[in-house]
Amino acid sequence: MLKKILLSCALVAAVATSLTGCGPKKPDGMPEVYPFAVKVVDGSTPIADVQVFFIYDGNAVVAGTTDAKGVATMQTTLQNYTEKGAPAGEYRVTCTKDPLAEHWKTPEEISKMPLGEQMEYQKEWQAKCDELPREIPIIWKNFDKTPLTAEVTTQGGEVVFDVEGRAEE
């Protein structure tokens, strides 16, 4: 009986060991990445839910979303493979957090509308969103005009973007 238990344990251990590292394989062309974070604040107040993108020349996407502390841990994704960090280099950076208006119709009500009515409702809702004050300057969202930059070194690091007094840019 003891032999059966030991044999079973050995078999389970062998299977578990063989499964280690069975996640997605690192694809060819995946750049070397280094730990990097972007912090977005308004003065000393962190801003959550900001989508941060590095404008990267390679095939990978370098992005993160700020948490309750205003910190986005950057991640690099190529195909279905993601690693925490960003490739070394200098980047233009975009930050986006669009204000969202309350919906006055439920998703069920919207789904029952004819397509034309749904489109009109969405246009009206988007117009209400556009009227709301922004936490993040709209220019920070523009890939061509963003004034934000970050430099990632092989040491990794962090950059802080402060929106204080800049919401109308």
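## A tour of the aromatic rings

Start by selecting Tyr91: with a relative accessible area of 5%, Tyr91 is buried. Keep in mind along the way that this is a predicted model.

Next, look for ring pairs. A pair of aromatic rings is described by the distance of the centres and the angle of the planes. With centres counted as a pair if they lie within 6.5 Å, this model has five aromatic pairs.

Keep Tyr91 selected and add Phe54. The two ring centres are 4.8 Å apart and the planes meet at 25 degrees, so Phe54 and Tyr91 are stacked. Now colour by strand: Phe54 belongs to strand β3 (residues 51–55) and Tyr91 to strand β8 (residues 89–96), so this pair ties together parts that are 37 residues apart in sequence. Is Phe54 buried or exposed? Like Tyr91, Phe54 is buried.

Now swap Phe54 for Tyr56. Here the centres of the Tyr56 and Tyr91 rings lie 6.1 Å apart with the planes at 40 degrees, so the pair is tilted. Tyr56 sits in the loop between β3 and β4 (61–65), while Tyr91 is in strand β8, and the pair links distant parts of the chain, 35 residues apart. Show the surface as well: Tyr56 has 25% relative accessibility and counts as partly exposed.

Which residues do ring pairs link into a cluster? Select Phe36, Phe54, Tyr56 and Tyr91 together to see the cluster.

For the last stop, go to Trp104 and display Lys128 with it. The charged end of Lys128 sits over the Trp104 ring, 5.6 Å from the ring centre.

Methods
Residues numbered from 1 in each chain as written. Predicted model: local features only at pLDDT ≥ 70, side-chain atom pairs only at ≥ 80, totals over all residues. Heavy atoms only, no water. Phe/Tyr/Trp six-rings, centres within 6.5 Å; stacked < 30°, edge-to-face > 60°. Helix = DSSP H or I, 4+ residues; strand = E, 2+ residues; numbered from the N terminus. Buried < 20%, exposed > 50% of the residue type's maximum accessible area, 1.4 Å probe, protein only. Lys NZ or Arg CZ within 6 Å of the ring centre and 35° of its normal.
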